[in-house]
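Trainee: I would like to look closely at one charged pair and then at its surroundings, with every criterion spelled out. Could you take me through it in one connected account?

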Amino acid sequence: HEADMAWDLSSPRDEKGAKSLLTSATPRRAMSAARGSPGFAARALRGDARCSARRQLRRSTPSRTARAASSDHPRGDRGTEKARRGVPHSGYHRTVGARRPFFEGWYFRVTLPEARNNLSLIYHVYDPDLRDSPRRAAGAQVCAPGGGYLFRESADVDAFAAAPHSLALRMPMGGTSDAATGADEDELLFFEVSDDGRRHRGRLVASTTREDESIWPSAKRVESVEWDFSVKVEAGFGARGDGADSSSSSSSSRHKSTAGWLSALPVFEPHYQILMAHGLATGHVTVDGVKTAFANAPAYAEKNWGGAGFPSKWFWTQCNAFPEAPGVSVTATGANRGVVCLPGVREEVAGILIHVPRSVGSSPGEGTKETKETTKNDAESSADTDVALYQFLPIRAGGEEPAEVAWSVKPWGSWRVSAKTSTHECEVVCVIDPADARPGSTTVLRAPVDDHRRGMEPTCREHFRGRMTVSLWERSGQGWGSGERGRCILNAIVSDVAAVEVGGGPWDENWE
């Protein structure tokens, strides 16, 4: 039984709209949960180591027949897949018929460095198999260029469709019928991701429900957004992207699960996966009639999923737009969350994940870029991947040595995270410059909360003009935490378009 779906929006046969090849009989329903926080599967840290975009934008999108991916496979359409495999966990994790709390969420970011601007698309789904759940819903958030915000949610979770083994999803969001185009009512507003995350399209208008003025003043609210862009994947997670022959098993197997084999267990939830460490996006977004076009803009994607409650508190920083080090991607994040198998027990966990192209590197004490031979310690790099992954997690993920991770995060304005293993050491420092800390520069996002009865709530504060400084060194150690700094790989590289975030709480003092 073929159990996947293919939406090839680039097909010449698809000029009028999305081509939907949905094979199966039983509808797959659902939608995504907002990314708010990290979901590392991790151990508790020990003591001192704590650590109008083209109005012709396919008004026929998504067709009624494209409402669901399907299968009668007992685990929710996880049968054999013959298509190209990409980054692990790219597919939808819902197990059809499993009556347990569940959410899944996707976060996509396009950075516009020249204008110091940003486009973020955040999709979520709650409890597709719990029809009496008070939080059962699917929706989207848009952080638009210029700092605007739009939120749209629907209780029609059954309208959501997603592929089980690749990054493809679609959701019609209602709208007003349009006799001139012949479009059906539910085909006017939509969002979709196709071609394993390489094509993004959508059109949304603000909900008729009035936003809280104290959180989203009128100057921050957006009435309509349309977008259409394609992405060339430069790096997935731990491997090269579109430049490699990803149809071969040897290439696709180099992509990694962020938390290794622990991601397969429901014990450590929510789970977390970087889907695309670095890509290049080309297309446009139109916000309230103002069109912004971009070409080869840095793009990034990640996701969360699981059945447990969300972390009660978290921080997150991300950047893949460093002028002096193109292609470098950095994510540093941490959270306080419950341990699923130990009710009442909480853990604090953090990690740093850095992708470095082989063309970027520094000698000790120098800031110059030059191509370096891969050392034996660069275990995640090889000549045909062209990217090295340096992961600092407090677990043994993918066979890597657990890292000592420490952080100091202020309630707002300063993030400092450092980590080391016996072979590498890194430091990530983010601040908000006073000139960028003006009123209105921060966006409040909705995020999941640590309560199965509640859905998306405004618990997250994000800023897209953070100043991030990153340093990365080799170490000469022979065991956990031993050794001294050696060659400098990244020598205090800087970007002023980092995304920085705090969420949950309480945030009444520094978190260290």
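With which residue does Arg131 form a salt bridge, and how far apart are the closest N and O atoms?

Mentor: The partner is Asp158, and the closest N and O atoms of the salt bridge between Arg131 and Asp158 are 2.9 Å apart. The pair links distant parts of the chain, 27 residues apart, with Arg131 in the loop between β6 and β7 and Asp158 in the loop between β8 (149-154) and β9 (161-162). Before going further, note that this is a predicted model, in which local features need pLDDT of at least 70 and side-chain atom pairs count only at pLDDT 80 or more, while totals for chains, interfaces and linings use all residues. Residues are numbered from 1 along each chain as its sequence is written, and side-chain values use heavy atoms, with hydrogens and water left out.

The term salt bridge stands for a side-chain nitrogen of Lys or Arg within 4 Å of a carboxyl oxygen of Asp or Glu. The element names come from DSSP runs numbered from the N terminus, helices being H or I with at least four residues and strands being E with at least two. On that basis the chain has one helix and 25 strands.

As to its surroundings, Arg131 counts as exposed, at 57% relative accessibility, where exposed means over 50% relative accessible area, buried under 20% and partly exposed in between (1.4 Å probe, protein chains only). Asp129 lies in the loop between β6 (117-126) and β7 (137-143), yet Asp129 counts as buried, at 13% relative accessibility. If neighbours within four places in sequence are left aside, Asp129 is in contact with residues including Arg94, Val96 and Arg99, contact meaning heavy atoms within 4.5 Å.

The bridge of Arg131 belongs in a wider picture, since the structure holds 24 salt bridges. Glu192 and Arg201 form one of them, with their closest N and O atoms 2.8 Å apart, and both of these residues are buried. Glu425 and Arg485 form another, with a closest N to O separation of 3.1 Å. That pair again links distant parts of the chain, Glu425 being in strand β22 (residues 424-431) and Arg485 in strand β25 (residues 485-504), 60 residues apart. Salt bridges that share partners also join Asp451, Arg453, Arg454 and Glu457 into one network. Burial differs within the Glu425 pair: Glu425 counts as buried, at 13% relative accessibility, while Arg485 counts as partly exposed, at 49%.

Charge also meets aromatic rings here, a charge being taken to sit over a ring if NZ of Lys or CZ of Arg is within 6 Å of the ring centre and within 35 degrees of the ring normal. The charged end of Lys303 sits over the ring of Trp305, 5.5 Å from its centre, and Lys313 lies over the face of Trp507, at 4.6 Å from the ring centre. The peptide bond between Gly505 and Pro506 is cis, with omega about 5°, and Pro506 is found in the segment after β25.

For pairs of rings, those of Phe, Tyr and Trp (its six-membered ring) pair if their centres lie within 6.5 Å, and planes under 30 degrees apart count as stacked, over 60 as edge-to-face and the rest as tilted. By this rule the count comes to 17 aromatic pairs. One of them is formed by Phe103 and Phe310, an edge-to-face pair at 5.4 Å centre to centre with 65° between the planes. Phe103 lies in strand β5 (residues 103-112) and Phe310 in the loop between β15 (290-306) and β16 (313-319), so this pair ties together parts that are 207 residues apart in sequence. Phe103 and Phe310 are both buried. Trp412 and Trp415 have ring centres 5.3 Å apart and planes at 80°, so they too are an edge-to-face pair. Trp412 is partly exposed, with a relative accessible area of 22%, whereas Trp415 is buried, with 1%. Ring pairs further link Tyr92, Phe102, Trp106 and Phe160 into a cluster.

Over the whole chain, buried residues make up 58% of the 512 residues.
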